[in-house]
Amino acid sequence: MSSKPQHNYLPQLDGIRTIAIGLVLIFHWLPTNHWVNTLPNGTIGVTLFFVLSGFLITDILIKNKTESLGDAVQVYKNFMIRRALRIFPIYYLTLAVGFALPKLHIPFTTDLYQHPWYYILYTYNHLLEKTGFWADAFSPYWSLAVEEQFYLVWAFVVLLIPKKHTITLLWATVILGIIFRFYFIYIQQGQGLITLTCIDCFAWGGLLSWYRINQVQDQLHRLLRYTVIPSLAILLYVSFVKDNTATLVKILFLRTAISCISAYILSLICSPKPHWLNAVLSSAPMVFVGKISYGVYVYHMTVPLLFWFVWQKFHLPAIGNHFTSLIVLLVASYLSWILFEKPINNLKKYFPYQTKK
C-alpha cells in the first residue's frame, strides 16, 4: 500500500467555522429587521461554509488524484463513504426526531411530513426553491443538500479531469456560478437555492487549494488582495442601498464578493507566514465551537425549540431566551459529538485514501 498525502489539520479553520456558525445563529435567531441583520449574516455564514468546503474537499481530491481509472473509482468510493460517515448520522437522526414529534403531540412546523423524500434524498433545496417556505424548522438544511450534491459531482469531475485542466475547471466554475445566478434567479425569478447557483463559492475555495498545492499561493493572494475592497463595497452597497440596481448586484455578485473575502482570509491564515489572526482563530474557545459546528448547524433550529417546549410544559420560571438557547445548543452539540458523531467518524480509518501498487 502507498499512502497518498492528506490535508493536515489546521486549528484556525475551526475558528473560521465558529465565525460562520455564529453568523448563521445571529441571522436565524434575531429578527430580520434587527439592526445587526442589516448585513446579510446568513448569506455570509453559509457562503463562508461553502468556500471552506470547496477548499478542503478540493485539497483532498487533488492530493489523492491518480492516473488509474480503477484507483480513481476507489478514491471516489472512499471519499463518499467518509463524507457519509461525517454528515449522515445526525442529519438522519434529526429527521427521525422530526417524524416522531407529531406522535408526541409536540407542535413542529415543517414540510417533512408532506414531502419526506426531498429531505431523505438531500434534495430539500429544490423543494424550498419551489415553496419559499422559510418557516420550516428544517429550512437551513437547504445548504446541506447543496453541499451533498456538490460532493457527488465535484469529486467525480476533479478525479477524472487531467491535472493540467484542473485550474481551467476552477476558473470556469467561478464564471459559471455568476451566469447560472443570472439565469436561474434574475431571469427565472428563483431564490438561488439550487446547487448551480452556488458552485462558484466552492470553486473559490478550490482555487486556494490548487494554488497552495502548486506552491504559487502568493499569486492568488495578490489577486484576492485587489478584490477585497471592491468586494467589501459590494457587500455594503447591497446591505444599505435599497433599489433595483442593488437587487441585480446582489443576485450576481453578492456571493462572489463574500467568496472573495472568505478566500482572502483563508489565504492569510493558511499561509506559511504567521498571521495574528491565527492566534485568535486557534484559541481554545474558537476551536471548541468549530469542532462541534456541524452539530450546532444541524440542531440550531430544533434543539432550542424542543428545550423551550419542555421547559414551558413543566411551568418552569422564564429565563433569558437567546443566551440559554445558546448554552443548551452547545451542550447538546458537544454531547452529540462525544457520544455519537466522533465514534462514527473514527470509522473513517477503515476507508483511507490509499491505492494498491
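Which loop holds Gln215? In this predicted model, Gln215 sits in the stretch between helix H8 (199-213) and H9. Its phi is near 55°, a positive value in a residue other than glycine. That deserves a second look because most residues other than glycine have a negative phi. Gln215 counts as exposed, because its relative accessibility is 73% and the cut-off for exposed is over 50%.

Now jump to another loop, the one between helix H4 (116-120) and helix H5 (124-131), where you'll find Tyr122. Tyr122 also has a positive phi near 55° and, again, isn't a glycine. Is Tyr122 buried or exposed? With a relative accessible area of 4%, Tyr122 is buried, since buried means under 20%.

A third loop to visit runs between helix H2 (41-63) and helix H3 (69-100), and Asn64 lies in it. Asn64 has a relative accessibility of 1%, so Asn64 counts as buried. What does its side chain have for company? A polar atom of the Asn64 side chain lies 2.7 Å from the backbone oxygen of Ile60.

On to the pockets. The largest one has a volume of about 1,100 Å³. Its lining takes in 35 residues, and those nearest the centre are Arg17, Leu56, Arg83, Arg86 and Lys348. The elements giving two or more residues to that lining are helix H1 (11-29), H2, H3, helix H6 (141-160), helix H12 (284-291), helix H13 (293-299) and helix H15 (321-345). H2 supplies the largest share, eight residues. If you sort the lining of the largest pocket by character, you get 18 nonpolar, eight polar and nine charged residues.

The second largest pocket comes in at about 910 Å³. It is lined by 33 residues, with Phe27, Pro40, Thr43, Trp134 and Lys250 closest to its centre. Here the elements that give two or more residues are H1, H2, helix H7 (166-187), helix H9 (217-240) and helix H10 (244-269). So what is the mix of nonpolar, polar and charged residues in this second lining? It divides into 16 nonpolar, 13 polar and four charged.

If you're browsing the model, H1 and H2 are handy landmarks: both appear among the elements giving two or more residues to the largest pocket's lining, and both turn up again in the list for the second largest pocket.

Note on methods
Residues are numbered from 1 along each chain as its sequence is written. This is a predicted model: local features need pLDDT of at least 70, side-chain atom pairs count only at pLDDT 80 or more; totals for chains, interfaces and linings use all residues. Side-chain values use heavy atoms; hydrogens and water are left out. Helices (H or I, at least four residues) and strands (E, at least two) are DSSP runs, numbered from the N terminus. Buried means under 20% relative accessible area, exposed over 50%, partly exposed in between (1.4 Å probe, protein chains only). A polar contact is a pair of N or O atoms within 3.5 Å; within protein, one must be able to donate a hydrogen and the other to accept it, and residues adjacent in sequence count only if both atoms are side-chain atoms. On a 1 Å grid over the protein atoms alone, a cavity is a set of points where a 1.4 Å probe fits but cannot get out, and a pocket is an open set with protein on both sides within 12 Å along at least five of seven lines; lining residues have an atom within 4 Å of a point. Grid points are joined across faces, edges and corners, and a volume is the space filled by probe spheres set on the points. Ala, Val, Leu, Ile, Met, Phe, Trp, Tyr, Cys and Pro count as nonpolar, Asp, Glu, Lys and Arg as charged, and the others, Gly among them, as polar.
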